Amino acid sequence: MFIMKLIIAIVQDEDSSKLVSKLMQDGFSVTKLATTGGFLKAGNTTLLLGVEEERMQDAIHLIETVCKSRKQITSAPAALAGMAHGEYTTYPVEVTVGGATMFILSIEQFLKV
Ligand code: 2BA
């Protein structure tokens, strides 16, 4: 019986098509979810990959290769003194985007019925 892992990978939308294509080419099964980051409040992509343990490092390496980390200026909300309750302005902040945030879980059971 195969030991399987679940990789939950949060990636940038612009990296997702290329990444899914490469994963599929390499024989991985992928589910792609449209998600939203809590900080930037912008769309990102969450991929679910159920992989055999022995292929897990291959999948992680592919994700690392395709998803490049880069800096981005964005605006963050800020409440200033004198503004009415619920009113916000924004200020520019530099954030690192790209790369991938991965959670790796052990799969207790993998069933297709
Ligand atoms: P967001 O929450 O939109 O965050 C986008 C990027 O903004 C983050 O990149 C990080 O560089 C920056 N950032 C996030 N929170 C911040 C804060 N409080 N102050 C300053 N900068 C902040 P990543 O760390 O690469 O995360 C990319 C996306 O991955 C996140 O989008 C979120 O959707 C997800 N994510 C990251 N860590 C997570 C976690 N521990 N649990 C669940 N989702 C996570």
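Two strands are taken as paired if DSSP finds at least two bridges between them, and the exercises below apply this to a predicted model.

**Exercise 1.** Determine which residue of S3 stands opposite alanine 34, and place that pair within the pairing of S2 and S3.

*Solution.* Begin with the strands themselves: S2 and S3 pair in the antiparallel sense, and 6 bridges join them, which satisfies the criterion of at least two. Next, look across from alanine 34, where threonine 45 of S3 is found. Finally, follow the hairpin of S2 and S3, in which 6 residues lie between the strands and lysine 41 adopts a positive phi near 55 degrees.

**Exercise 2.** Work out the strand order of the open sheet, and explain why one side of S2 and of S6 lacks a neighbour.

*Solution.* First, establish the pairing of S1 (residues 4–12) with S3 (residues 43–52), which is antiparallel and extends over 9 bridges; within it, isoleucine 8 has leucine 48 of S3 as its bridge partner. The sheet of 4 strands then reads S2-S3-S1-S6, with antiparallel pairing. Strand S2 (31–36) and S6 are at the edges and have a single partner strand each, so one side of each remains without a neighbour in the sheet. As a last step, consider the twist: with direction ignored, neighbouring strands of this sheet are turned by 20 degrees against each other on average.

**Exercise 3.** Identify which strands helix H1 touches and which strands helix H2 lies across, and give an angle for each helix.

*Solution.* Helix H1 (residues 13–25) packs on the sheet through S1, S2 and S3, and its direction makes about 20 degrees with that of S3. Helix H2 (residues 56–66), in turn, lies across S1, S3 and S6, running at about 5 degrees to S1.

**Exercise 4.** Describe the shell around the ligand by class, and list the polar contacts that residues 38, 40 and 44 make with ligand oxygen.

*Solution.* Start with the composition: the shell holds 5 nonpolar and 5 polar residues, with no charged ones, and includes Ile10, Phe39, Val95 and Phe103. Strand S5 (89–98) and strand S6 (100–106) each contribute at least two of its residues. Then take the contacts, for which the cut-off is 3.5 Å: a backbone N or O atom of glycine 38 lies 3.2 Å from a ligand oxygen, a polar backbone atom of leucine 40 is 2.9 Å from a ligand oxygen, and a polar side-chain atom of asparagine 44 lies 3.0 Å from a ligand oxygen. To finish, the ligand taken alone exposes 760 Å², of which the protein buries 50%.

Methods. Residues numbered from 1 in each chain as written. Predicted model: local features only at pLDDT ≥ 70, side-chain atom pairs only at ≥ 80, totals over all residues. Heavy atoms only, no water. Near = heavy atom within 4 Å. Polar contact = N/O pair within 3.5 Å; in protein donor to acceptor, adjacent residues only side chain to side chain. Areas by Shrake-Rupley, 256 points an atom, 1.4 Å probe, with all protein chains shown as cover. Nonpolar A, V, L, I, M, F, W, Y, C, P; charged D, E, K, R; others polar. Axes fitted to C-alpha atoms, helices over the stretch in contact; angles between N-to-C directions. Contact = heavy atoms within 4.5 Å.
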